[in-house]
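Here are a few short exercises to work through with the model open in your viewer. Try each task before reading its solution.

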Amino acid sequence: MNFKFDETPEGEFIETIMAAQGALERKQNGRQVAQKMKARMQLGYWVHNAPVGFRYKTVKGHGKLLHPDEPHASTVREAIEGFAIRRFQTQAEVKRFLESKPDYPYVKDGKVRDKRVTDLLTNPLYAGYVCSEVYELNWLKGQHEPLVSMATFEKVQARLNDTGYAPARADIGEDFALRGFATCGDCGAKLRSSWSKGKTKYYPYYLCHTKGCESYGKSISRAKIESSFEEVVKSLQPSPTYMILAKKMFKRAWEGRLEHTKAAARSAKRKITEADTQIETLLSRIMRTNDDSIIGAYEKRIAKLERSKVLMVENLTKTPRKSNSYEAFLEPSLTVLSSPWKIWESGDANLRRIVLRLGFSGGFSYHRIDGPRTPEISLPFKTLGMISGGVKFNGAAREN
Ligand SMILES: [Zn+2]
């Protein structure tokens, strides 16, 4: 507007009013933009800068949508998953991993700032969820495709919150396939399994704990005993009766597992309802208070509840829906069962137990110098490999 204000009080008044109106309009516009942004986020769309690993892509029916941005998407995924499974023990190791990627953004003078690493590991967008402190939005399912699963994300958060210095030892049974099964070649007692600390790393071994036994306290490396056991497993051939027995065992195990997942689903549903009720209660309490610190505390609890809900819903969708897939599941398994070695090789601790239980009646006796004794093979198996000389047993000669 071309208007020359004069220096009179009236002119000044008009000038002030017009400036105020301009400011009001700008603020109203700002409010409108913020409302639009919030509304879009409520629909599950991120509206701010795309975090590394994502870029915006215009998709029909969505508008601008986060989309994996290669090669950074793969780098981000590898970093987060690597931290979850302890391939990277610390955030510093994640940092070094990122620094090793020459075209990774945010590398300055070969360094990535610590905060960038923490942001990467804690950003819910990577797990497919939209959160905003400014707009008070928690754990809304995003429209975009996640880079990592919610379970991985939770594992990472648990690791970050874990103040304990030493990582908790995983179930030792996973480390020692023959735990409670391998026996001492001298005294026949069960061998104990353990890790011993060397200069820079840990070494797995088995050893005899019987006082007075010739092998007392003498360690046998895990690789030695387990590889010789593997030779035995490779030699096993199942008989037809074994297949019938295995079929029965599998059917029972399958039914048990099905019942278990059903119970877990029921309990998850109940917990989701409980979380909803708690959120409702907290919300109504927020409405009744003006104290900011109390509101803040309630909001934190709500965010936590929302998050646990998300995880439970994700678990729920993972449970198998069809109960009649038993046959479809069993047939390929039985084919695999015809070769115990294939099961053993899978590395699955539960499946390995089945091999041990079905295949061997008297444990696996191993002598630290002479090697394995001839194992007692259960009836279902024929031991063709051993008779035809496929495997050499040093202990056999000693016993015969
Ligand atoms: Zn012994």
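**Exercise 1.** Find how strand 7 and strand 8 pair, and which residue of strand 8 stands opposite Tyr205.

*Solution.* Start with the direction: in this predicted model, strand 7 pairs with strand 8 (residues 219-221) in the antiparallel sense, over three bridges. Next, look across from Tyr205, and you meet Ser221 in strand 8.

**Exercise 2.** Now turn to strand 6: how many bridges join it to strand 7, and how many residues lie between them in the hairpin?

*Solution.* Strand 6 (residues 192-197) runs antiparallel to strand 7 (residues 202-207), and six bridges join them. The two strands form a hairpin, with four residues between them. As a check on the register, Ser193 stands opposite Tyr206 of strand 7.

**Exercise 3.** Work out why Glu226 has no salt bridge.

*Solution.* First locate Glu226 in helix 7 (residues 222-235). Glu226 is buried, and Arg222, its nearest side chain of opposite charge, is 4.3 Å away. A salt bridge has to be within 4 Å, so this pair does not count. Then list the contacts beyond four places in sequence: Asp175, Phe176, Ala177, Leu178 and Tyr206. Tyr206 also appeared in Exercise 2, opposite Ser193.

**Exercise 4.** Decide whether Ser228 is buried or exposed, and find what its side chain reaches.

*Solution.* Ser228 also belongs to helix 7. Its relative accessible area is 14%, and the cut-off is under 20%, so Ser228 is buried. Its side chain reaches the backbone oxygen of Ile225 at 3.3 Å. Beyond four places in sequence, Ser228 is in contact with Phe364, Tyr366 and Pro372.

Notes:
Residues numbered from 1 in each chain as written. Predicted model: local features only at pLDDT ≥ 70, side-chain atom pairs only at ≥ 80, totals over all residues. Heavy atoms only, no water. Pairing = 2+ DSSP bridges. Buried < 20%, exposed > 50% of the residue type's maximum accessible area, 1.4 Å probe, protein only. Lys, Arg positive; Asp, Glu negative; His and termini not counted. Contact = heavy atoms within 4.5 Å. Polar contact = N/O pair within 3.5 Å; in protein donor to acceptor, adjacent residues only side chain to side chain.
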